Amino acid sequence: MSISTPEMPRTPGADLPEHPDFLWENPIAKRNYDVVIVGGGGHGLATAHYLVKNHGITNVAVIERGWLAGGNMARNTTLIRSNYLWDESTAIYEHSLKLWEGLEEDLDYPILFSQRGVLNLAHSLQDVRDSRRRVEANKLNGVDAEWVDADGVKELCPIVNTSSDIRYPVLGATYQARAGIAKHDYVGWGFARRVSQAGVHLIQDTQVTGFLTDGDRVVGVRTNKGDIGAGSVALTAAGHTSTLTETLGIRVPIQSHPLQALVSELLEPVHPTIVMSNAVHVYVSQAHKGELVMGAGVDTYNGFGQRGSFHIIERQMAAAVELFPIFARAHLLRSWGGIVDVTPDASPIVGLTPYENLYLNCGWGTGGFKATPGLGHVLAHTIATGTPHELIAPFNLDRFVNGRLVDEHGAAAVAH
Amino acid sequence: MQLIECPRCGPREEIDFTYGGQAHIAYPEKPAELSDEAWAHYIFFRDNPQGPFAERWVHSAGCRRWFNALRDTGTYKFLAVYELNEKAPVIP
Ligand SMILES: Cc1cc2nc3c(=O)[nH]c(=O)nc-3n(C[C@H](O)[C@H](O)[C@H](O)COP(=O)(O)OP(=O)(O)OC[C@H]3O[C@@H](n4cnc5c(N)ncnc54)[C@H](O)[C@@H]3O)c2cc1C
Ligand SMILES: [Zn+2]
């Protein structure tokens with residue numbers, strides 16, 4: 001082992017923990033569980049965790065058709081923030097952010113949560129007004145937020161091009177210092193390890209295909225490996241929810257869209273924070289190892305193909321290079337796509353269904369990673385008590401009929 | 001980037017077009033009689049199949065006219081394009 005001196009640059013990757021050993025059991029499914037959770041992404045695993053931790057419910061199965069946390073949980077760009085516009089959204093995302101702040105200890109597992117702050121750039125007078133409004137709305141909701149001018153942006157992230165002669169000059173930004181990133185795989189594994197230790201069954205490679213019902217109760221799920229009885233059932237299957245609810249005659253207003261992201265080769269630390277721009281449509285952070293992680297918006301058309309259009313990448317790169325001229329020579333390492341479930345008001349659908357013990361969770365679209373602990377916490381409460389937790393009550397399916405939408409389009413919908 | 005066949009202009013690049021969502025959604029015949037629930041379904045609820053899907057597209061950077069397409073949402077392949085007042089073709 002060599003002794004490092006302060007002058008020595010840190011090796012990229014040096015902060016990452018060793019590759020983990022087996023972290024959870026792969027049990028044979030029982031005939032019955034108190035709670036069956038459909039979908040082993042972050043949301044399903046977090047829900048299982050809080051069922052155990054806060055409600056002492058351990059007779060739980062999480063059923064995953066592929067491998068644990070291999071859906072959008074493995075594909076997202078890991079941005080975590082709570083500076084949404086509407087009170088209802090801010091409340092749930094801020095609840096989640098507070099849980100993120102203690103999650104590493106709670107799981108006793110490294111998740112590399114790094115609160116490096118997020119800048120949401122403003123490029124037009126309207127952007128400036130909207131941003132300032134959001135900052136004030138955040139403050140009223142007890143969320144840390146401030147408005148910084150172009151010089152302030154430069155100070156927080158020196159590589160941003162703040163000259164006034166670019167096509168969409170940077171006029172300033174909102175800044176949330178507590179925002180950050182986490183290592184998404186480790187988050188999934190940390191939850192899985194914890195719940196497995198508590199006796200929760202994680203059943204992989206098993207697809208739920210429908211439900212067993214008795215009147216207005218769901219009494220189990222059908223899977224490609226046989227039926228499994230359930231005291232209650234929670235759907236945390238992201239973009240695939242509507243296919244499942246349709247077997248019960250419940251329609252959910254979600255549309256599935258491809259969303260892609262990409263990473264560069266490893267670079268020295270150059271990008272200390274997160275920078276997002278809705279207007280020119282790119283967002284960037286630098287991963288723990290050193291890759292630039294970049295994303296843009298969804299493809300406009302519906303799709304399930306787990307890949308996106310090339311022109312989205314082209315526009316995103318054009319915006320990135322104008323905002324960060326030093327990226328011009330960085331090589332693209334790889335790109336990938338996920339399928340996200342988008343709702344008409346860009347807010348999730350969570351809560352009760354016409355079946356009294358079937359609980360819904362979907363429609364997180366492009367921004368549900370940041371909600372992982374928060375959603376798990378309130379959904380577990382909802383399942384354990386049979387009543388929607390107050391933080392998710394506004395997000396029920398009824399809102400599309402009674403008109404109480406939580407319209408985050410524009411304010412938060414585009415970037416993550 | 002894929003080519004999309006505009007029924008009037010022929011094959012053009014994808015970025016020339018704008019997506020318009022599910023096709024064949026008719027305005028309610030008797031709007032005054034619709035329940036809140038029926039309105040909600042007319043406005044917000046759309047099919048979301050994995051496979052062939054009848055949808056609307058507009059050739060925004062060309063003739064700027066709307067047309068319908070049958071597209072596979074799994075492969076993104078356009079199976080057919082047809083006029084707005086035509087029924088969706090049946091693909092064998
Ligand atoms: C490219 C990209 C970038 C993103 N960036 C961000 C970001 O920076 N910040 C942010 O907050 N969010 C981001 N998101 C969104 C975020 O990833 C999702 O909102 C979030 O992962 C949803 O969590 P989940 O657990 O519900 O979904 P998933 O992780 O997708 O879990 C659902 C699971 O259900 C399983 N499943 C589906 N159907 C069945 C069935 N019938 N039976 C059994 N299992 C089933 C799937 O295999 C899957 O593992 C991004 C998404 C993508 C694609
Ligand atoms: Zn045309």
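**Exercise 1.** How many residues of chain A are in contact with chain B, and how many of chain B with chain A?

*Solution.* The model is predicted; local features need pLDDT of at least 70, side-chain atom pairs count only at pLDDT 80 or more, and totals for chains, interfaces and linings use all residues. Residues are numbered from 1 along each chain as its sequence is written, chains are lettered from A and ligands numbered from 1 in the order written, and side-chain values use heavy atoms, without hydrogens and water.

Step 1. Take contact as heavy atoms within 4.5 Å. On that basis 26 residues of chain A touch 22 residues of chain B.

Step 2. The two chains bury about 2,100 Å² between them, with 56% of it on carbon and sulfur atoms. Buried area here is the accessible area (1.4 Å probe) that two parts lose on being put together, summed over both.

Step 3. On the chain A side, A:Arg251, A:Tyr301 and A:Phe304 lose the most area to chain B, together 32% of what that side buries.

**Exercise 2.** Compare the radius of gyration of chain A with the globule rule.

*Solution.* Step 1. The rule is 2.2 Å times the number of residues to the power 0.38, and the radius is taken over C-alpha atoms.

Step 2. For 416 residues a compact globule would have a radius near 22 Å; chain A has 21 Å, so the two agree.

Step 3. Along the principal axes, the C-alpha atoms of chain A fill a box of roughly 65 × 60 × 40 Å.

Step 4. Of the contacts in chain A between residues at least 6 apart in sequence, 76% join residues at least 24 apart.

**Exercise 3.** Place A:Gln176 and state whether A:Gln176 is buried or exposed.

*Solution.* Step 1. A:Gln176 belongs to strand E6 (residues 172–176) of chain A. Strands (E, at least two residues) and helices (H or I, at least four) are DSSP runs, numbered from the N terminus.

Step 2. Buried means under 20% relative accessible area, exposed over 50%, and partly exposed in between (1.4 Å probe, protein chains only). A:Gln176 has 0% relative accessibility and therefore counts as buried.

Step 3. Beyond neighbours within four places in sequence, the contacts of A:Gln176 include A:Arg81, A:Glu94, A:Val118 and A:Asp144.

**Exercise 4.** Locate A:Ala69 and A:Ala238 and classify their exposure.

*Solution.* Step 1. A:Ala69, not a glycine, has a positive phi of about 55°. A:Ala69 sits in the loop between strand E2 (60–63) and strand E3 (79–80) of chain A, and at 6% relative accessibility counts as buried.

Step 2. A:Ala238, also not a glycine, has a positive phi of about 45°. The loop holding A:Ala238 runs between strand E11 (226–235) and helix H6 (241–246) of chain A. At 29% relative accessibility, A:Ala238 counts as partly exposed.
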